[in-house]
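Here is a short report on one protein model. Keep the structure in view while you read. We begin with charged pairs and then move to the strands.

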Amino acid sequence: MKLAPLLAAIAIAAAPLAFPAAALARVKVTASSPAQGATVSSARSVTLTFNEAVAPDKAAVSIIMTAMPGMPNHGEMPIRNFTTAWSNDGKTMTLTTAKPLPKGTYDIRWQAAGADGQLMKGTVTFTIG
Ligand SMILES: [Cu+2]
């Protein structure tokens, strides 16, 4: 008989937390070039398009080469020589590398916050082969 009131109290306490989480759309990547999981012949630039405008000062992105043909123990190799630019609507970030990316597999790891200020993270993976 003690359990039911306790569960009711938990349900009441949890409700205000659950509602905003469901109501707010968290920032996420809705499209990219190259696309998630794609294999392309070359890429000099990478674009990430978010579902909403992103605050550029809170956004961060890294390009990590995770695999390379003929190198079984490649590990994680950051590609540092790139520039970033934002579209006028604040939704699309373009990364342009100084040189074309060599053949291999890449993670584009991003973090960004949209209008709700919540910092989100994600990864887009593609292969150049
Ligand atoms: Cu490499």
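## Salt bridges

This is a predicted model. Searching the whole structure turns up three salt bridges. One of them joins Arg26 and Asp116. Their closest N and O atoms sit 2.8 Å apart.

Where do Arg26 and Asp116 lie? Arg26 is in the loop between α1 (3–23) and β1. Asp116 is in the loop between β8 (104–113) and β9 (119–128). The two parts are 90 residues apart in sequence, so this pair ties them together. Arg26 is partly exposed, because its relative accessible area is 27% and partly exposed covers the range between 20% and 50%. Asp116 is also rated partly exposed, at 27% relative accessibility.

## A network around Arg109

Arg109 takes part in a salt bridge with Glu76. The closest N and O atoms of Glu76 and Arg109 are 2.8 Å apart. Glu76 lies in the loop between β4 (60–67) and β5 (77–79), while Arg109 belongs to strand β8. These parts are 33 residues apart in sequence, so the pair ties them together.

Arg109 also forms a salt bridge with Asp107. Here the closest N and O atoms are 2.9 Å apart. Shared partners therefore matter for the picture: Glu76, Asp107 and Arg109 are joined into one network by their salt bridges.

Which residues of this network are buried, and which are exposed? Glu76 is exposed, with 54% relative accessible area. Arg109 is partly exposed, at 26%. Asp107 is buried, at 12%. The cut-off explains that last label, because buried means under 20%.

## The overall layout

The protein holds one helix and nine strands. What pattern do they follow along the sequence? The order is α-β-β-β-β-β-β-β-β-β.

Of the 129 residues, 27% are buried. The accessible surface comes to about 7900 Å². Carbon and sulfur atoms account for 61% of that surface. Now take the contacts between residues at least 6 apart in sequence. Among these, 61% join residues at least 24 apart.

## An open sheet of four strands

Four strands make an open sheet. Their order is β1-β3-β7-β6, and they pair in the antiparallel sense. Which strands are at the edges? They are β1 (29–33) and β6 (82–86), and each pairs on one side only. From one strand to the next, the twist averages 15 degrees.

What holds such strands side by side? Strands of a sheet pair through backbone hydrogen bonds. Look at β1 and β3 (residues 45–50) as an example: this antiparallel pair has four bridges. Val29 has Phe50 in β3 as its bridge partner.

## Strand β4 and its partners

β4 and β8 run antiparallel, and seven bridges join them. β4 also pairs with β5 in the antiparallel sense, over three bridges.

Follow Met65 to see both pairings. In β8, its bridge partner is Tyr106. In β5, the bridge partner of Met65 is Met77. Strand β8 has appeared before, since Arg109 of the salt-bridge network lies in that strand.

Notes:
Residues are numbered from 1 along each chain as its sequence is written. This is a predicted model: local features need pLDDT of at least 70, side-chain atom pairs count only at pLDDT 80 or more; totals for chains, interfaces and linings use all residues. Side-chain values use heavy atoms; hydrogens and water are left out. Two strands pair if DSSP finds at least two bridges between them. Axes are lines fitted to C-alpha atoms, for helices over the stretch in contact, and angles run from 0 to 180 degrees between N-to-C directions. Buried means under 20% relative accessible area, exposed over 50%, partly exposed in between (1.4 Å probe, protein chains only). Contact means heavy atoms within 4.5 Å. Accessible areas come from the Shrake-Rupley method with a 1.4 Å probe; for residues, only the protein chains shown count as cover. A salt bridge is a side-chain nitrogen of Lys or Arg within 4 Å of a carboxyl oxygen of Asp or Glu.
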